[in-house]
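This briefing introduces a protein to a reader who has not seen it before. Please look over the sequence and the structure before reading the points below.

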Amino acid sequence: MASFDAAAIMFASVVGTGLYQIVANGDLSHLEPFLGVGPVAALLYVLIGSSTGLYNLRAALAKNRRDLGRIFAQWSLVSLLMTLLAFLMKSGAVYSRGSVVCFGLLAPVLLVGCRRLARRLVSDVVADGQVRGRRAILLGTNEELASLGVEELLEKFGLTEIERVVFPSARGSGFAMSVGEAAALERAIVVARFHAAEDIILAFPWNDTRKIELVRDGLRISPLPVQLLPDRRIRSLAGNPSFRLRNSLSVEIQRGPLSRAEQLAKRLLDVCGALVGLVLLAPLMTLSAIAIKLDSPGPVFFRQRRNGFNAKQFPIFKFRTMSVMEDGATVVQAKRSDPRVTRVGRLLRRSSIDEVPQLINVLLGEMSLVGPRPHALAHDGHYGKLLSDYAFRHHVKPGITGWAQVRGFRGETAQVEQMKGRVDCDLWYINNWSLTLDLKILLLTCLEITNRRSAY
């Protein structure tokens with residue numbers, strides 16, 4: 001739509017001026033000055049329109065009767081700015097007044113026509129499903145969900161619905177969820193994880209603060225942004241012509257830990273670091289694999305299920321260092337002088353060489369170079385019940401190393417206090433992430449490996 005408007009203004013500058021020159025002078029001898037006026041006026045108009053929300057999807061789909069007034073008001077402002085610019089540059093005498101008038105009258109007419117044409121095109125492609133918003137899971141009461149249409153979600157909030165999960169509508173006064181409420185919340189989290197949703201959207205009456213607070217606390221396990229939509233009463237007020245609807249009435253009650261730009265920067269560091277690491281450490285990995293095969297029977301690699309970003313499970317790769325391959329409901333942590341550790345395995349664990357194959361997990365996008373260390377599923381289930389903030393560790397990808405490891409929380413966590421210290425460090429890392437911090441942790445990890453503290 002912005003391109004249409006810019007093209008219309010530049011077309012009006014040339015055609016309007018050309019028609020006037022032909023009628024007044026019989027030639028096109030004074031057309032050159034207006035070849036530069038059109039692009040400048042188009043740029044000003046598009047910039048002002050972008051700042052006032054003229055080109056967002058909601059404005060394109062809304063049946064707004066004030067478009068005509070907005071276009072003429074915006075074009076009047078552009079005309080005033082162009083006049084001021086000509087005055088400051090002392091170039092007003094160069095332009096024919098008749099040409100300026102023709103340009104000024106033709107441009108808004110073309111802008112109105114382009115607006116209607118563009119709106120029709122946008123409506124058609126939206127109806128065909130070619131335009132989509134952010135993929136969202138809707139969680140709310142049956143009454144609130146029934147009042148939300150697919151078109152309204154896209155038009156007013158920029159959302160494309162993946163699935164709806166109905167939350168039990170029975171009122172309660174307890175401080176905990178009922179079985180049905182907990183099941184609905186768990187289903188929303190699972191569906192969002194399975195369908196790779198970008199947002200979780202809540203549709204609850206705003207006066208039901210109990211449900212909103214319980215759901216908010218329950219969704220802390222998910223790293224996805226959570227928004228609370230205005231309920232039916234508030235939306236009905238916003239639809240009144242006497243009220244002016246701003247960009248959004250939704251309330252963000254949980255934001256994602258990293259922006260898209262930050263995620264891209266972190267992923268770029270992960271891919272480059274993993275590739276360099278695999279190339280440089282390839283001879284060491286080969287020697288380690290040979291030593292493992294010669295030392296004890298069994299596979300070279302040890303794979304165990306871990307919870308990753310958004311608690312999505314993945315198989316982690318490590319060099320096998322034990323005589324057992326535990327991956328179930330019970331996983332016993334390695335202890336000092338653990339008899340299950342093989343001779344080669346003891347050396348690999350003390351030097352952290354057993355963690356090197358996790359560079360493969362980094363390349364696959366399942367892990368990051370830096371992040372909270374992933375634990376066995378059995379340990380996640382155990383500590384998740386003991387520590388209320390434990391689930392926040394899944395708001396980012398797990399890492400080969402992390403802030404907790406370089407702060408001394410490495411190795412066995414025999415006591416809950418040790419795990420709490422590790423979780424506190426992980427949460428601090430998530431809340432204070434920066435690319436510089438990742439590089440600092442990688443450097444400190446190299447120093448930590450040489451110390452060999454808590455590694456056995």
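The points below go from the whole chain to helix pairs and then to single residues.

The model is predicted. The protein has 456 residues, and 44% of them count as buried. Its secondary structure consists of 18 helices and nine strands.

**Whole protein**
- The accessible surface comes to about 24,300 Å², and carbon and sulfur atoms hold 62% of that area.
- Among contacts with a separation of 6 or more, 74% join residues that lie 24 or more positions apart.

**Helices H4 and H5**
- Helix H4 covers residues 67-88 and helix H5 covers residues 97-127; the two pack at an angle of about 140 degrees, with their axes 10 Å apart.
- Angles over 145 degrees would count as roughly antiparallel, so H4 and H5 are classed as oblique to each other.
- The crossing of H4 with H5 is right-handed.
- On the H4 side, the contact is made by Asp 67, Leu 68, Ile 71, Phe 72 and Trp 75.
- On the H5 side, the residues are Phe 103, Gly 104, Ala 107, Pro 108, Leu 111, Val 112, Arg 115 and Arg 119.
- Sorted by class, the residues of this contact are nine nonpolar, one polar and three charged.

**Helices H8 and H9**
- Helix H8 (residues 179-194) packs with helix H9 (residues 209-218) at an angle of about 45 degrees, and their axes are 11 Å apart.
- H8 and H9 are therefore oblique to each other, and their crossing is right-handed.
- From H8, Glu 181, Leu 185 and Ile 189 take part; from H9, Arg 210, Lys 211, Val 215 and Gly 218 do.
- The contact of H8 with H9 includes three nonpolar, one polar and three charged residues.

**Helices H11 and H12**
- Helix H11 (residues 260-280) and helix H12 (residues 282-295) have axes 4 Å apart and pack at an angle of about 60 degrees.
- That angle lies under the 65 degrees at which roughly perpendicular begins, so H11 and H12 count as oblique to each other.
- Leu 278, Val 279 and Leu 280 of H11 meet Ala 282, Pro 283 and Met 285 of H12.
- The residues of this contact are six nonpolar, with no polar and no charged ones.

**Ile 9 in helix H1**
- Ile 9 sits in helix H1, which covers residues 2-25.
- Ile 9 counts as buried because its relative accessibility is 0%, and buried means under 20%.
- Leaving aside neighbours within four places in sequence, Ile 9 is in contact with Gly 38, Ala 41, Ala 42, Tyr 45, Trp 75, Phe 103 and Leu 111.
- Among these partners of Ile 9, Trp 75, Phe 103 and Leu 111 also take part in the contact of H4 with H5.
- Ile 9 and Leu 43 are 34 residues apart along the chain, and their C-alpha atoms are separated by 9.4 Å.

**Helix H7 and the residue after it**
- Buried residues in helix H7 (residues 150-157) include Glu 152, Leu 153, Leu 154 and Phe 157.
- Gly 158, just after H7, takes a positive phi of about 65 degrees.

**His 379 in helix H15**
- His 379 is part of helix H15, which covers residues 377-386.
- The relative accessibility of His 379 is 13%, so His 379 counts as buried.
- Not counting residues up to four places away in sequence, His 379 touches Val 331, Gln 333, Gly 384 and Tyr 390.

Key: Residues numbered from 1 in each chain as written. Predicted model: local features only at pLDDT ≥ 70, side-chain atom pairs only at ≥ 80, totals over all residues. Heavy atoms only, no water. Buried < 20%, exposed > 50% of the residue type's maximum accessible area, 1.4 Å probe, protein only. Contact = heavy atoms within 4.5 Å. Areas by Shrake-Rupley, 256 points an atom, 1.4 Å probe, with all protein chains shown as cover. Axes fitted to C-alpha atoms, helices over the stretch in contact; angles between N-to-C directions. Parallel < 35°, antiparallel > 145°, perpendicular 65-115°, else oblique. Left-handed = near helix turned anticlockwise from the far one by under 90°. Nonpolar A, V, L, I, M, F, W, Y, C, P; charged D, E, K, R; others polar.
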